[in-house]
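Me: I have a model open and would like to talk through how its parts pack together. Could you walk me through it, one question at a time?

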Amino acid sequence: MQKFIENLDLGAKGLWFPVIISILLATTALFIRKKNITWREIYITFGVVGFVTWFSDGMIARVIDMFDIGHPKKAGLGDILSYTFIPTSLSILYLNYLTRNNKWRLTIGFTFLSLLVEFGMIHSGYMKYKGWNWYISILTFLLAFGYLLPKHISIIRSDSK
């Protein structure tokens with residue numbers, strides 16, 4: 001039990017930030033009125049985005065070593081919450097409001113929101129760049145919100161017909 005608690009990295013600098021953001025985003029995504037997304041689509045999106053996020057962490061943060069979140073050698077509580085709930089909640093919220101008329105306005109807004117979360121992680125001391133920079137993040141967020149998530153939801157919806 002002591003090893004388990006130690007591996008949670010509860011003493012990490014800036015841990016408070018990903019904990020608070022994860023709780024806020026997850027509860028918002030869970031309890032907000034569902035406009036353009038069903039519970040089935042939420043379930044699938046949570047699994048797909050969660051998997052992609054953890055896989056990307058394994059490749060970009062661990063193998064290529066472009067940034068550190070929390071302790072570089074431990075996947076602590078902040079890492080678990082950050083990778084599990086922040087991207088999935090943002091994706092669910094984005095898809096909940098996505099329409100053909102607001103796609104790019106929403107994409108820019110969620111890119112900006114994602115950058116604010118990233119800057120908060122850096123400012124709190126929980127995230128450190130090691131070759132990564134926020135320009136790459138902008139491109140990644142624009143790709144995710146502008147292309148990948150709309151494609152994702154269209155695939156889910158075409159499978160259900």
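Me: Which residues in α3 meet α4?

Reply: Happy to start there; this is a predicted model, where local features need pLDDT of at least 70, side-chain atom pairs count only at pLDDT 80 or more, and totals for chains, interfaces and linings use all residues. Residues are numbered from 1 along each chain as its sequence is written, and side-chain values use heavy atoms, with hydrogens and water left out. Contact means heavy atoms within 4.5 Å, and helices (H or I, at least four residues) and strands (E, at least two) are DSSP runs numbered from the N terminus. On the α4 side we find D79, I80, Y83, T84, F85, P87, T88, S91, I92 and L95, and they are met in α3 by I42, T45, F46, V49, G50, T53, W54, D57, A61 and R62.

Me: How do the residues of the contact of α3 with α4 divide by class?

Reply: Ala, Val, Leu, Ile, Met, Phe, Trp, Tyr, Cys and Pro count as nonpolar, Asp, Glu, Lys and Arg as charged, and the others, Gly among them, as polar. On that basis the contact of α3 with α4 has three charged, six polar and 11 nonpolar residues.

Me: At what angle do α3 and α4 pack?

Reply: Axes are lines fitted to C-alpha atoms, for helices over the stretch in contact, and angles run from 0 to 180 degrees between N-to-C directions. The axes of α3 and α4 are 9 Å apart, and the angle is about 135°. That makes α3 oblique to α4; angles under 35 degrees count as roughly parallel, over 145 as roughly antiparallel, 65 to 115 as roughly perpendicular and the rest as oblique. So the packing angle to note is about 135°.

Me: Is T53 buried or exposed?

Reply: T53 lies in helix α3, and leaving aside neighbours within four places in sequence, T53 is in contact with Y83 and P87. The cut-offs are under 20% relative accessible area for buried, over 50% for exposed and partly exposed in between (1.4 Å probe, protein chains only). At 13% relative accessibility, T53 is buried.

Me: Which residues of α5 make the contact with α4?

Reply: Helix α4 (residues 77–97) and helix α5 (residues 103–123) have axes 10 Å apart and an angle of about 160°, so they are roughly antiparallel to each other. From α4, the contact uses S82, I86, L90, L93, Y94 and Y97; from α5, it uses K103, L106, T107, F110, L113, S114, V117 and M121.

Me: Which residues of α5 make the contact with α2?

Reply: The axes of α2 and α5 come within 9 Å and cross at roughly 155°, and the two helices are therefore roughly antiparallel. F17, P18 and I21 of α2 take part, together with these residues of α5: V117, G120 and M121.

Me: Which element gives the largest share of the largest nonpolar core?

Reply: A nonpolar core is a set of buried Ala, Val, Leu, Ile, Met, Phe, Trp, Tyr and Cys residues joined through side-chain atoms within 4.5 Å. Of the 33 residues in the largest one, F67, I69, Y94, L95, F110, M121 and F145 touch the most other members. Two or more residues each come from α2 (16–31), α3 (39–63), β1 (67–69), α4, α5 and α6 (134–159). The largest share, seven residues, belongs to α4.

Me: What does F145 touch?

Reply: Not counting residues up to four places away in sequence, F145 touches L90, Y94, T107, F110, T111, S114 and P150.

Me: How far is T99 from P150, C-alpha to C-alpha?

Reply: T99 is found in the loop between α4 and α5 and is partly exposed, with a relative accessible area of 33%. Along the chain, T99 and P150 are 51 residues apart, yet their C-alpha atoms are separated by 9.4 Å.
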